[in-house]
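This report is for a reader who has not met this structure before. Please look over the chain shown below, then read on.

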Amino acid sequence: GVGGGGGSHSFPDGDRLRHAARGQVRRAAGWPYQGRGLQVLFPGNAEGVDCPLAQLSRCRPREGEPPPPEPSSAAAAPAEEEEEKAAEEEETAAAEEETAA
């Protein structure tokens, strides 16, 4: 999973993005973060949120924490090609974090 490091924000549809919230990577982000971000599904939200890599961090589930939510429909599940791209971007972000540390 990943954790959101940016600020908190509410969307018109009721979805929310909270600082330090944990979510599940769904696919590569679209514009304006295309090539520089990931779409993340946070608990309680109906849709994924595009987040820049700089505002995300890799995290492990806490002991006793339930797994991240699964998408509510097949349309929300990422395509295989998008999953591969997101995985590559996640690895790149992890490598950048290790380099910065």
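Helices and strands here are DSSP runs, numbered from the N terminus. With that naming, the loop between β4 and β5 is the place where Pro-32 is found.

## Overview and confidence

The model is predicted. Its chain holds one helix and seven strands, and from the N terminus on the order is β-β-β-β-β-β-β-α. Of the 101 residues, 30% count as buried. The accessible surface of the chain comes to about 6,700 Å², and carbon and sulfur atoms account for 50% of that area. Among contacts between residues at least 6 apart in sequence, 47% join residues at least 24 apart.

The mean pLDDT of the chain is 76, with 69% of the residues at 70 or more. Among the elements, β5 has the highest mean pLDDT, 92, and strand β1 (residues 2-4) the lowest, 65. Over residues 74-78 the pLDDT is below 50, and in the model this stretch has eight contacts beyond near neighbours in sequence.

## Strand β5 and its partners

Strand β5 spans residues 37-41, and five of its five residues are buried. Both of its faces are covered: Gly-37, Gln-39 and Leu-41 lie on one side, Leu-38 and Val-40 on the other.

Two strands pair with β5. Strand β4 (residues 22-28) pairs with β5 in the antiparallel sense over four bridges. Strand β6 (residues 49-52) also runs antiparallel to β5, and four bridges join the two. Which residues are the bridge partners of Leu-38 in β4 and in β6? Leu-38 of β5 is the bridge partner of Ala-28, and in β6 its bridge partner is Cys-51.

## The largest nonpolar core

The largest nonpolar core has 12 residues. Leu-38 and Val-40 are among them, and so are Val-49 and Cys-51. Other members include Leu-17, Ala-21, Val-25, Phe-42, Leu-53, Leu-56, Ala-86 and Ala-93. The elements that give two or more residues to this core are β5, β6 and α1 (80-100).

In soluble globular proteins, nonpolar side chains tend to be buried together.

## The loop between β4 and β5

Which peptide bond in this region is cis? The bond from Trp-31 to Pro-32 is cis, with omega near 10°.

Gly-30 lies in the loop between β4 and β5 as well. Is Gly-30 buried, partly exposed or exposed? The cut-off for buried is under 20% relative accessible area and for exposed over 50%, so Gly-30, at 25%, counts as partly exposed. Gly-30 and Val-49 are 19 residues apart along the chain, and their C-alpha atoms are separated by 9.8 Å.

## Asp-15

Asp-15 is found in the loop between β2 (9-10) and β3 (16-17). Why does Asp-15 count as buried? Its relative accessibility is 6%, and buried means under 20%, so Asp-15 counts as buried.

Leaving out residues up to four places away in sequence, Asp-15 touches His-9, Ser-10, Gly-44, Asn-45, Ala-46 and Glu-47. With Ala-46, a polar atom of the Asp-15 side chain lies 2.9 Å from the backbone nitrogen.

Key: Residues are numbered from 1 along each chain as its sequence is written. This is a predicted model: local features need pLDDT of at least 70, side-chain atom pairs count only at pLDDT 80 or more; totals for chains, interfaces and linings use all residues. Side-chain values use heavy atoms; hydrogens and water are left out. Buried means under 20% relative accessible area, exposed over 50%, partly exposed in between (1.4 Å probe, protein chains only). Two strands pair if DSSP finds at least two bridges between them. A nonpolar core is a set of buried Ala, Val, Leu, Ile, Met, Phe, Trp, Tyr and Cys residues joined through side-chain atoms within 4.5 Å. A polar contact is a pair of N or O atoms within 3.5 Å; within protein, one must be able to donate a hydrogen and the other to accept it, and residues adjacent in sequence count only if both atoms are side-chain atoms. Contact means heavy atoms within 4.5 Å. Accessible areas come from the Shrake-Rupley method with a 1.4 Å probe; for residues, only the protein chains shown count as cover. pLDDT is the predictor's confidence in each residue, from 0 to 100.
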